[in-house]
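Visitor: Please take me through this model, and give the grounds for each term you use.
Guide: Here are the sequence and the structure.

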Amino acid sequence: MTHATRWRLAMRLLARDWRAGELRILSAAIVIAVAASTAIGFFTDRLGRGMINQSADFLGADLVLESPRPVAAAWLAQARSTGLRTSETLKFSSVVVAGDKLQLAGVRAVAAGFPLRGSLRTAPGPFLTDAEDAGMPAAGEAWAAPRLLTRLGLDSGDTLTVGEQALVIRKVLTFEPGQVGSPFGVAPRLLMNLADVPATGVVQPGSRLTYQYLFAGTEQDIARFRGWLKARLGASHRLVGVQEGRRAVGSALERAERFLGLAVMAAIVLAGVAIAMAARRYSQRHFDMSAMLRCLGASQRDLLGLYLAQLLVLGLLASAAGCLLGWLAQQGLLVLLAELLPMAPSATSAWPLLAGLLTGLVVLAGFALPPVLRLKGVPPLRVLRRDLSPLPSNAWLVYGIAIAAVVLLMWRYTGNAKLTLAALAGGAAASAVLGVLGFILLALGRRLHTRVGVAWRFGLNNLWRRRRTSVSQILAFGLALMAMAVIALVRSDLLTTWQDQLPVDVPNHFAINILPDQVEAVRDFMAARDVPTTQIYPMVRGRLVSINAEAVSQAVTKEAQSDNALNRELNLTWTTELQEDNAIVSGRWWRVEDSGRPLVSVESKLAERLGIELNDYLGFTVGDEAFSARVASIRSVQWDSFRPNFYMVFPPGVIERFAATWMTSFYLPPGDKPMLIELVRNYPAITVLEMDLIIAQVERIFRQVTLVVEYVLLFVLLAGFAVLFAALQASLDERLYEGALLRALGASRRQLRSGHLAEFITLGALAGLVAAIGTECLAWVLYSQVLHFDYSFKWPVWIAAPLVGAVLIGAAGYRGTRPVVERSPVVLLRER
Amino acid sequence: MVAASGLGKRVYTAAGPLDILSDIDLQIQAGKAVAIVGVSGSGKSTLLGLLAGLDLPSSGDVWLAEHHMNALDEDGRAQVRGQLVGFVFQSFQLLSGLTALENVMLPLELAAAAEPRAQAAELLERVGLAERLTHYPKQLSGGEQQRVAIARAFSMRPAILFADEPTGNLDSSTGETVIDLLFELNRERDTTLVLVTHDEALAARCERRIRLEAGRIVPAGTTP
């Protein structure tokens, strides 16, 4: 056969097989697998490329120096003499007030020249189309994020107050360079002019501030200055270049890709199972044709070429459709996450498209190749003896190729061999456990068949007879339903737990940045309004730099090096009274004579993470000054008590010499919020953290993120349906024949249909039951080991999952078996 | 044209080895029509499969024209089949996904023949199905399907035509029409015909009969 003939014949057969509906399930499964993977692929690619294209824009500079205090003017002079342009900004959290409303905002005060790279984006009003903006807020002006305006009920032209300074909102801020590191920021942003900061009264010694110095210039100048600066940096300084900025957002994206990648892999594997089932049937239905072609002189190569060409074209077409669907799905993903995204997505590149096509072909090859390869081994004698079939494919080949395909795709998502193997082993173990569970449930269901009516008996018998495919379907749906149930459960439980964590009378507000000379006044202010406060604690910002004279980076384990407590300034405090919710684990609490002695009490979990033990010497720096203290006690802290709590507590007389601000927490009933405005107006430097609002904001983010996960899990469910329909199709010939026989023997259509309904309702309910058992176990592990929640029996899942399974699968199966009663029994029996 | 010597086929069953065919020696001259007759299970179809190179013997040799079939590999035998052999089956064996015309074109296309469409259309016209070119097998009656199969079998102008119970699935009058057509074409094209049947009347239309009984040839003149 010439190539052209083979190709023409292949396309003709493909068109006919397509019309006959044989290849639809196979294609649908490819579409699902590719759509799931490209949706995530497009999403991360667009964001990732957005990030790379915009990384200098992102940072607003080529290099940024962050410091909790102003740096020496000589450093900036050095930068300018190196030929760099410079600018600076000051970042702080502050409660912004408008009329009788207030809102914690992430404020950034910017100086002339900001940003040095990239540009701000603004819109004329909230949620209107934005555009690049070459300007910056003038003195007396503020640009605010849409969310801040919505919260405060403001619009452009209105006025808000930061500390003691009133600012007029001129523009709506939609993008601001330099927000790296925390792609999912909590507080809405406000941009103001640096010149207005002194008038706000917010900046006081000891306030939590971040000074940012921005530098831009040629690559060589930046490198030169960077080298010069690096030698002079202190522990509290942080240097962020384009690389570091990219890495920060990049790693968040990578984590998202890995996590969503696991859900995508579940969809791909299920789609693969459907593809394998459909390909098996396709292969079986082409035995006769292959035998005939062999009879007519076609070589094994001809046959192989004929079928592989069809498979290739089908794979490419279905993958292309999957890419299109994935692109649409990704648009949905962007809409779902619009508010949380740190950057504008870039235009689509061809890479996810290519990856999507490859994914489709790899899944197809991995799961469809072995049954299709069998076709070349069909003996030509089959034209005379229908019972002759090609040798079954070698099981090693079948599973080997499929596993190779899965490993290849999994590796693409994780980029890590260990993680790939772990995920594979975990997936295989979970499938084995759920599969066995499904089988046991099926066997139990089977025992009922003598006690039920004819329709149910028919249905249960069908399930048992095809128990291998039944178990695979129970597994597919069980997995999808379980994943969705766990997400829904964790979401609702986390949300209610957060809400429950704020019982009446427990402090629900923190006031920080209270200046030393305001401590008494604030105490009186609260007392005058009958607001019970916790003790007011001083806070000194300092860094832990050494343990037993060894630099912390060397002293702690590798895992602990990334501990947040080492990479930022800690709040140090002193007190004589041990807090009610603290308990000494080892060592002893301060005695009167400890006053002034260099001792420190360390929080137990931090001590454990960093390997700090009793009597170790800890070195700290506050500003430029270093000091050390001996660990006199290790304390356990109940962090969720919503009282001020600290990692490091000193006795009086040790750190009083440093600049400090004070903090307290208090309970305020919702109706008393106006008091906060009065507080902030009287003491503008104070930052009030409203825990209810912060929790609400975290909830919102959590809701959006879990929604995205569920969105991706929908593909898993779809893939489950592909498995169902593939299994249905595989058994259709047999069902048609049995149906015809039963009808010939006097069974009514109604009886047959009831039997089908019973079969699929049972299948769905069993899948739901497997999901419920899996959910219960997984939830128990998650709650007790990870989230540390009180665990309770999740009874709603035991009702909802089987019900949802029964309805979904019952309906789909009922629809799928319709041909059994639609075609005439006479025709069916004659065809046989 | 077709020759077999010492041909045997043995299969292994749970009860032990079973000889389906033994010591078959035969020669069929070019252009002759030969019927292989015998009761069900006598080994007729097995013999046809071996002679056509669809299966390999356990012992003995088969020649098709000058080709020593059991010395060739499966692809080699396929090539010989493609060049020399046409088939007509009891169950028609048309490809359901292809139209009547496409079914007839298939062997021509496989052999990369010139103008397969025109040749196939002409053959279908010859078997009286000019109006049925675009019909799928399912849309044709049994007799029509077998006529398409005959057109397909003759499309490559084969030197040898193997027919396995060609009327087995047809009623007697349709069967007769189909057989008339088969013999007509056979004569026209001077094809060697090897026909397997249990129908004595049909066998009588052939120039020679080879009777099989329990896997062996019954010598001519012996009463079954």
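Terms and their grounds

Guide: In α9(A), the residues Met289(A), Ser290(A), Ala291(A), Met292(A), Leu293(A), Arg294(A) and Cys295(A) are buried. The model is a predicted one.

Visitor: Why is helix α9 of chain A called largely enclosed?
Guide: A residue counts as buried if 20 or more other C-beta atoms lie within 10 Å of its own. Seven of the nine residues in α9(A), which spans 287-295, are buried, so the helix is largely enclosed by the rest of the structure.

Visitor: What do the buried residues of α9(A) pack against?
Guide: They pack against α10 (300-337) of chain A, and also against α2 (74-84) and β6 (85-88) of chain B. Just after α9(A), Gly297(A) has a positive phi of about 105°.

Visitor: Which elements give two or more residues to the side of chain A that touches chain B?
Guide: The contact takes 23 residues from chain A and 26 residues from chain B. On the chain A side, the elements giving two or more residues are α1 (3-19) and α9. The largest share, six residues, comes from α1(A). By class, the side of chain A that touches chain B has 13 nonpolar, five polar and five charged residues.

Visitor: What makes β7 of chain B a mostly covered strand?
Guide: Five of the five residues of β7(B), which spans 160-164, are buried. On one side these are Ile160(B), Phe162(B) and Asp164(B), and on the other Leu161(B) and Ala163(B), so both faces of the strand are covered. The division into two sides follows a general pattern: in a regular strand the side chains alternate between the two faces of the sheet.

Visitor: How do you know that β7(B) pairs with β6(B)?
Guide: Pairing requires at least two bridges between two strands. Four bridges join β6(B) to β7(B), so the two strands pair, and they run parallel. Gly86(B) stands opposite Leu161(B) in β7(B).

Visitor: How many bridges support the pairing of β7(B) with β8 of chain B?
Guide: There are five bridges between β7(B) and β8(B), the latter covering residues 192-197, and the pairing is in the parallel sense. Here Ile160(B) stands opposite Thr192(B) in β8(B). From β7(B) the chain crosses through helix α6 (residues 172-189) of chain B to β8(B), and this β-α-β crossover is right-handed.

Visitor: Why is Glu115(B) called exposed?
Guide: A residue is exposed if 12 or fewer other C-beta atoms lie within 10 Å of its own. Glu115(B) has 11, and is therefore exposed. Glu115(B) lies in the loop between α3 (100-110) and α4 (116-126) of chain B. The C-alpha atoms of Glu115(B) and Leu26(B) are separated by 38 Å, and the two residues are 89 apart along the chain.

Visitor: Which domains does the assignment give for chain A?
Guide: The assignment lists domain 1 (1-53 + 253-415), domain 2 (55-248), domain 3 (433-504 + 690-832) and domain 4 (533-666). The centres of domain 1 and domain 3 of chain A, taken over C-alpha atoms, are 25 Å apart. Their contact takes 25 residues from domain 1 and 23 residues from domain 3. On the domain 1 side, α2 (24-53), α8 and α10 of chain A give two or more residues, and the largest share, 13 residues, comes from α8(A). By class, that side divides into 22 nonpolar, one polar and two charged residues.

Visitor: Which residues have the most contacts inside the largest nonpolar core?
Guide: They are Ala29(A), Ile32(A), Ala267(A), Ala274(A), Ile275(A) and Ala722(A), in a core of 201 residues. Helix α8 (residues 242-285) of chain A gives the largest share of this core, 18 residues. The core draws at least three residues from each of domain 1 and domain 3 of chain A. Apart from this core lies another, of 99 residues, among them Leu84(A), Ala105(A), Leu610(A) and Val654(A).

Visitor: Which residues does Ala267(A) touch, not counting those up to four places away in sequence?
Guide: Ala267(A) touches Ile32(A), Ala33(A), Ala36(A), Phe715(A), Val716(A) and Ala719(A).

Technical notes: Residues are numbered from 1 along each chain as its sequence is written. Chains are lettered from A and ligands numbered from 1 in the order in which they are written. This is a predicted model: local features need pLDDT of at least 70, side-chain atom pairs count only at pLDDT 80 or more; totals for chains, interfaces and linings use all residues. Two residues are in contact if their C-beta atoms, placed from the backbone, lie within 7 Å. A crossover is right-handed if, with the strands pointing away from the viewer, the path from the first strand over the helix to the second runs clockwise. A nonpolar core is a set of buried Ala, Val, Leu, Ile, Met, Phe, Trp, Tyr and Cys residues joined through C-beta atoms within 7 Å. Domain bounds come from an automatic or database domain assignment. Ala, Val, Leu, Ile, Met, Phe, Trp, Tyr, Cys and Pro count as nonpolar, Asp, Glu, Lys and Arg as charged, and the others, Gly among them, as polar.
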